[in-house]
Amino acid sequence: MTAADWLERWQQGRIGFHREAPHPALTAHWPAIGLEAEARILVPLCGKSRDMRWLAEHGHPVLGIELSPLAIEQFVAQSAQPVLRYRQPESGKSGFDCTRQGNIELWCGDVFRFQVDHAAELAGFYDRAALVALPPAARQRYAHHLAQLLLPGGRGLLITLTHDDPERGPPFSVTHEEVESLMSPNFELTLCDVSPAEDGLTESVWKMVRRGPAS
Ligand SMILES: C[S@@+](CC[C@H](N)C(=O)[O-])C[C@H]1O[C@@H](n2cnc3c(N)ncnc32)[C@H](O)[C@@H]1O
């Protein structure tokens, strides 16, 4: 999937990954993550996920990053709260168009262009359908990027999927061995749950804590 493919999916409404209610793994496992309510949470590849509203309702400032402007417009249309729009410049580059609604800030653009200096206060993250949306070559880059963005001690929840066809995706099947190989150099990993999901997929829920100083 290229960026153009994702934009087209949003334009055509092919967003079967979207859920109308908070993800049960978020509501079940987030409290044990142990972050203070004020901790700012990164939601990479956020789509128009209602999980962001759940996090905001639990006191967290949320920073979502999403390629599709349509996803962001559809997200803010879910609420009557006022919307503020601004541009976050990036030296020598085109920058990000940002949209704020209440405690939720959405940056429109490629997650890999989001830099550490943008992320100074990020203490937590929530990844549902982000790692598994990326093809194998991008997953290593994503794992390293996530580690760079988070403060030492930063923590969050990662929800992955496995299925029996390594060529099929998204969602791609990301095995437990791959999660460990990608994440364990920079994160302490705890597997919290493994359960059947729709369409014959198996869902795994991981707690992750950023080790030591940022690399
Ligand atoms: C499978 S969806 C998951 C959305 C959301 N996390 C959820 O749970 O509903 C993946 C999303 O990532 C976005 N996306 C894909 N590649 C991206 C990138 N490099 N940077 C930012 N967003 C990206 C897509 O537009 C899509 O909305």
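Which residues does Trp30 touch, not counting residues up to four places away in sequence? Trp30 touches Ala25, Leu35, Ile41, Trp54, Leu55, His60, Phe125, Tyr126, Gly156 and Leu157, where contact means heavy atoms within 4.5 Å.

Before we go on, some ground rules. This is a predicted model, so local features need pLDDT of at least 70 and side-chain atom pairs count only at pLDDT 80 or more, while totals for chains, interfaces and linings use all residues. Residues are numbered from 1 along each chain as its sequence is written, and side-chain values use heavy atoms, with hydrogens and water left out.

## Four buried residues

Let's stay with Trp30 for a moment. Trp30 sits in the loop between α2 (24-29) and β1. Helices (H or I, at least four residues) and strands (E, at least two) are DSSP runs, numbered from the N terminus. The C-alpha atoms of Trp30 and Lys207 are separated by 8.8 Å, although these residues are 177 residues apart along the chain.

The table puts Trp30 beside three other buried residues. Buried means under 20% relative accessible area, exposed over 50%, and partly exposed in between (1.4 Å probe, protein chains only).

| Residue | Place | Relative accessibility |
|---|---|---|
| Trp30 | loop between α2 and β1 | 5% |
| Ser49 | loop between β1 and α3 | 17% |
| Ile65 | strand β2 | 1% |
| Gly95 | strand β4 | 7% |

Take Ile65 next. Leaving aside its neighbours within four places in sequence, Ile65 is in contact with Leu42, Val43, Pro44, Leu45, Cys46, Trp107, Gly109, Asp110, Val111 and Phe114. One of these, Val111, is 46 residues from Ile65 in sequence and 6.1 Å away in space, C-alpha to C-alpha. For Gly95 and Phe187, 92 residues apart in sequence, the C-alpha to C-alpha distance is 29 Å.

Then there's Ser49. A polar atom of the Ser49 side chain lies 3.0 Å from the backbone nitrogen of Asp51. That is a polar contact, a pair of N or O atoms within 3.5 Å; within protein, one must be able to donate a hydrogen and the other to accept it, and residues adjacent in sequence count only if both atoms are side-chain atoms. Setting aside neighbours within four places in sequence, Ser49 is also in contact with His18 and Phe75.

## Two nonpolar cores

A nonpolar core is a set of buried Ala, Val, Leu, Ile, Met, Phe, Trp, Tyr and Cys residues joined through side-chain atoms within 4.5 Å. The largest one here has 32 residues, and Leu42, Phe114, Leu146 and Met183 touch the most other members. Elements giving two or more residues to this core include β2 (62-66), β4 (93-101), α5 (136-149) and α6 (176-183). The largest share, six residues, comes from α5. A second, separate core of 22 residues includes Val43, Cys46, Ile72 and Leu106.

## Helices with a buried face

Now for α4 (residues 69-76), whose buried residues are Ala71, Ile72, Phe75 and Val76. Seen down the axis of α4, they fall within an arc of 125°, so they line one face of the helix; the arc is that of the directions from the helix axis to the C-beta atoms. At the N-terminal end of α4, Ser68 acts as a cap, with a side-chain oxygen 3.2 Å from the backbone nitrogen of Leu70.

Helix α6 tells a similar kind of story. Its buried residues are Val179, Leu182 and Met183. Viewed down the axis of α6, these fall within an arc of 80°, so they line one face of the helix. The buried residues of α6 pack against α5, β7, β8 (187-196) and β9.

How do you describe two packed helices? You give the angle between their axes and the distance between the axes. Helix α1 (residues 3-12) and α4 pack at an angle of about 40°, with their axes 8 Å apart. Axes are lines fitted to C-alpha atoms, for helices over the stretch in contact, and angles run from 0 to 180 degrees between N-to-C directions. The two helices are therefore oblique to each other (angles under 35 degrees count as roughly parallel, over 145 as roughly antiparallel, 65 to 115 as roughly perpendicular and the rest as oblique). Leu7, Trp10 and Gln11 of α1 meet Pro69, Leu70, Ala71 and Gln74 of α4 in this contact.

## Backbone oddities

Most residues other than glycine have a negative phi, and most peptide bonds are trans. Ala129 has a positive phi, near 65°, and at 26% relative accessibility it counts as partly exposed. The peptide bond from Gly169 to Pro170 is cis, with omega near 0°, and the bond from Pro170 to Pro171 is cis too.
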